[in-house]
Amino acid sequence: MTDTIHHAQLEWDEEGQPLSSAFGDVYFSRANGLEETRHVFLQHNQLTERWQALSAGDHFTIAETGFGSGLNFLAAWDLWMRSAPTTAQLHFVTVEKFPLAKADLQRALSLWPELAELSTQLTAAYPVFVGTGIHRLRFMDGRITLTLIINDAALGFQQLLATSHPLFADCCAKVDAWFLDGFAPSKNPQMWSDELFTAIGQLSKPGTTAATFSAAGIVKQGLKLAGFTLQKVPGFGRKREMVKAIQNEPFVLPVSDLALARSYSPFPVPWTIAEQHTPLAGAKQALIIGGGLAGCTSARALAERGWQVTLIERHAQLAQEASGNPQGVLYAKLSPKQEAQAEFNLSALQFALGFYQSRWAQIGAQCGVLQLAHSESERQLQQQLHNRFAQASPLVEFVSAAQASALAGVSLQHGGLYFPQAGWINPRRLCESLVDHPAIHIINQCDAVDLTCDDQQWQVRNTSGDVIAQAPVAIIANARDAKQFTYTSALPINAIRGQITYLPATATSQPLASVICSEGYIAPAEQGVHCTGATFNLKDGERGLRTTDHQTNLDNLREPLASIYTDWQALALDKLGGRVAFRCTLPDYLPLVGPVAHEQAMRERFAPLRKNARAPVHLPGCYHAGLYINIGHGSRGLAYTPLCAELLAAQINNEILPLPRNLANALNPARFLIRNLVKNKP
């Protein structure tokens, strides 16, 4: 992800149609853009016939070069609703280097009133762009998915490959049909590059089709490079010819003799690639251990993809451990740095804001979140963020102390960042709403103490040794308790104690209208009580409430909220209510999301890394087939778990991922094992 993104610069003709100022080209045919799309892309990829032949629960992926006004996406969505089974799912993956501003998108799509119902949903979910990256939007409970990649076309699609290692790059989800759109090769030859067509070949499979309005030589040669067989057919309107194509044989990328690289490798070690990367056969059945945020979001993500899910929770109700606080805050720390944690935080926050948009009435209050510049270091950080986020006001606003006070409804000493779409969430209510799905079955009051695999079935046993559930896919989502299972016992999981304090609302505090974050946080009163906290105590296993921690939570309010702090300073600390929970974190403070590694086999296979971090190991990783984990969200569970669940479901269901490959790799559970090998640690 980079700092700069440029929106498309448009001119509008006398008929209200958009033209690109930079490329001097139209976004769609002046004759009839929608009919052009239907002729070129829908008809010549044979989509009506192919979609009518789909079975219940099937998944179909379209990839497009040039999102533009989104017209192709909406036309495909419209046809899908009329042609495909109601339980099938369409995934539309598209790349755009210069996205339209939201107002321009709305104006362009207003030309097609017959698509108004769909375009309204698209524009409502249209993201804020603050750099290159991947945005995942889901519509109609997952029946339609849009993955919008903001980047150069070749670079964008290369991020979807499994790795840049040439032997394993194509070990990833494949595309069923290509819409080769974008400005004409004569106007934008840079897009139609050999690198783009190589990526297209790697992301395709036998039977993948392609269609393009252009019959230019650069396009035909590129498609041949990608392994497609071409056919010229009549174009739309006055255009004499266009091209449709099909890939008949698997694309094979020419590879140099890797054995010549004896002492080092120019390619990344392919440890993230599972040796069995083919999708699981048989029934879509999964079991999940843990009924907190990670478990419930994972269950919902799979259920919306047609999976039958059994969720195992040891308590009588969901969200009783770290996910059990009555008010949690939705926000993530932004950073000016170009590193994995900063990029993941931003991606997770943006996905979460869309994920909760239709759920707020059930789960909490979209009251906004103020992150105060309460210290010199925080002020400097927010100043560094200004250039990158100054134009991203729908996501975050920079406010003065006076503006912050007006937003909060109480007097504040500092300005800061304001997240207008965020707020506070009751995690228990959220979990209950997520599992309210006919494909999710819950087993409560059952302690999963053992996890084993027998005949490709993962089995969970209780304290009596009885098998309580089994399925070909198992997800460990029970936070720090993941260490009790043999397969995950070596993971470097930390538990961090946190205590929150319940404060009675007063006449002075009752007007508090938004969440305030500084050293701690405080939320607007819910049923006469404010939730504030939380302490941060590493290597502390005390479960009981402590007056010293109540005092810490109160002290954190003294300076930023001096106007209302005085109402609580005389409270008897031993009479205050609160709650203690243990956050699950990893040493790099990123979650663990993905397949569980076979520790011993990985150590043996990648042992050369102990002597040489660039050793030429041209072998894939070793992972337990069907076993996954989703833990380690720390104090950012509300922001992290929706995207982590989406990532995990995409991995399990063999779909295009919602994150660039480098970020997915940064969350891979085997990363610590590989780091230890490189550092020659046990």
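Reader: Let's start with the open sheet that includes β14, β19 and β15: what is the strand order, and in which sense do the strands pair?

Author: The order is β14-β19-β15, and the pairing is antiparallel. Please keep in mind that this is a predicted model.

Reader: What makes β14 and β15 edge strands?

Author: Each has a single partner strand, so one side of β14 (328-329) and one side of β15 (364-365) is left without a neighbour in the sheet.

Reader: How do you know that β15 and β19 count as paired?

Author: The cut-off is at least two bridges between the strands. β15 and β19 (residues 424-425) are joined by two bridges in the antiparallel sense, so they satisfy the cut-off. Gly 364 stands opposite Ile 425 of β19.

Reader: Now to β21, β22 and β23: how are these strands arranged?

Author: They form an open sheet in the order β21-β22-β23, with antiparallel pairing. Here β21 (450-454) and β23 (467-471) are at the edges, because each has a single partner strand. On average, neighbouring strands of this sheet are turned by 25° against each other, direction ignored.

Reader: How do you know that β22 pairs with β23?

Author: β22 (residues 457-461) and β23 run antiparallel and are joined by four bridges. At least two are needed for a pair, so the pairing holds. One residue match to look up is Gln 459 with its bridge partner Gln 470 in β23.

Reader: Let's turn to helices. Why are α3 and α5 called oblique to each other?

Author: Helix α3 (residues 71-83) and helix α5 (residues 116-125) pack at about 125°, with their axes 10 Å apart. Roughly perpendicular covers 65 to 115 degrees, and roughly antiparallel begins over 145. The angle of about 125° falls in neither range, so α3 and α5 are oblique. Their crossing is right-handed.

Reader: Which residues make the contact of α3 and α5?

Author: From α3 come Phe 73, Leu 74, Trp 77 and Asp 78, and from α5 come Leu 118, Ser 119, Gln 121 and Leu 122. By class, the contact of α3 with α5 has five nonpolar, two polar and one charged residues.

Reader: And why are α7 and α8 called oblique?

Author: α7 (residues 194-202) and α8 pack at about 40°, and their axes are 8 Å apart. Roughly parallel would need an angle under 35 degrees, and roughly perpendicular starts at 65. About 40° lies between those limits, so α7 and α8 are oblique. α7 passes α8 in a right-handed crossing. The contact is made by Asp 194, Phe 197 and Thr 198 of α7 with Ile 218, Val 219, Gly 222, Leu 223 and Leu 225 of α8.

Reader: Gly 227 comes after α8. Is Gly 227 buried, partly exposed or exposed, and how do you know?

Author: Gly 227 lies in the loop between α8 (217-225) and β10 (228-234). Its relative accessible area is 31%. Buried means under 20% and exposed over 50%, so Gly 227 is partly exposed. Leaving out residues up to four places away in sequence, Gly 227 touches Ile 246, Gln 247, Asn 248 and Phe 251. Gly 227 and Pro 206 are 21 residues apart in sequence, and their C-alpha atoms are 9.5 Å apart.

Reader: What about Gln 382: buried or exposed?

Author: Gln 382, found in helix α12 (residues 376-389), has a relative accessible area of 7%. That is under the 20% cut-off, so Gln 382 is buried. Beyond its neighbours within four places in sequence, the contacts of Gln 382 include Phe 398, Gly 416 and Leu 417.

Reader: What makes you describe strand β6 as largely enclosed?

Author: Six of the seven residues of β6 (residues 133-139) are buried, so the rest of the structure largely encloses this strand. Seven bridges join β6 to β7 (residues 144-150), and the two run antiparallel. Gly 133 stands opposite Ile 150 in β7. β6 and β7 form a hairpin with four residues between them, and Met 140 in the turn has a positive phi of about 55°.

Reader: Last one: which way do the residues of β8 point?

Author: Ala 177 and Phe 179 point one way from β8 (residues 177-180), Trp 178 and Leu 180 point the other way, and all are buried. In a regular strand, side chains alternate between the two faces of the sheet. β8 pairs in the parallel sense with β4 (residues 59-65) over four bridges, and four bridges also join β8 to β9 (residues 209-212), again in parallel. Trp 178 is matched with Ala 63 and with Ala 210 of β9.

Methods
Residues numbered from 1 in each chain as written. Predicted model: local features only at pLDDT ≥ 70, side-chain atom pairs only at ≥ 80, totals over all residues. Heavy atoms only, no water. Axes fitted to C-alpha atoms, helices over the stretch in contact; angles between N-to-C directions. Left-handed = near helix turned anticlockwise from the far one by under 90°. Contact = heavy atoms within 4.5 Å. Nonpolar A, V, L, I, M, F, W, Y, C, P; charged D, E, K, R; others polar. Buried < 20%, exposed > 50% of the residue type's maximum accessible area, 1.4 Å probe, protein only.
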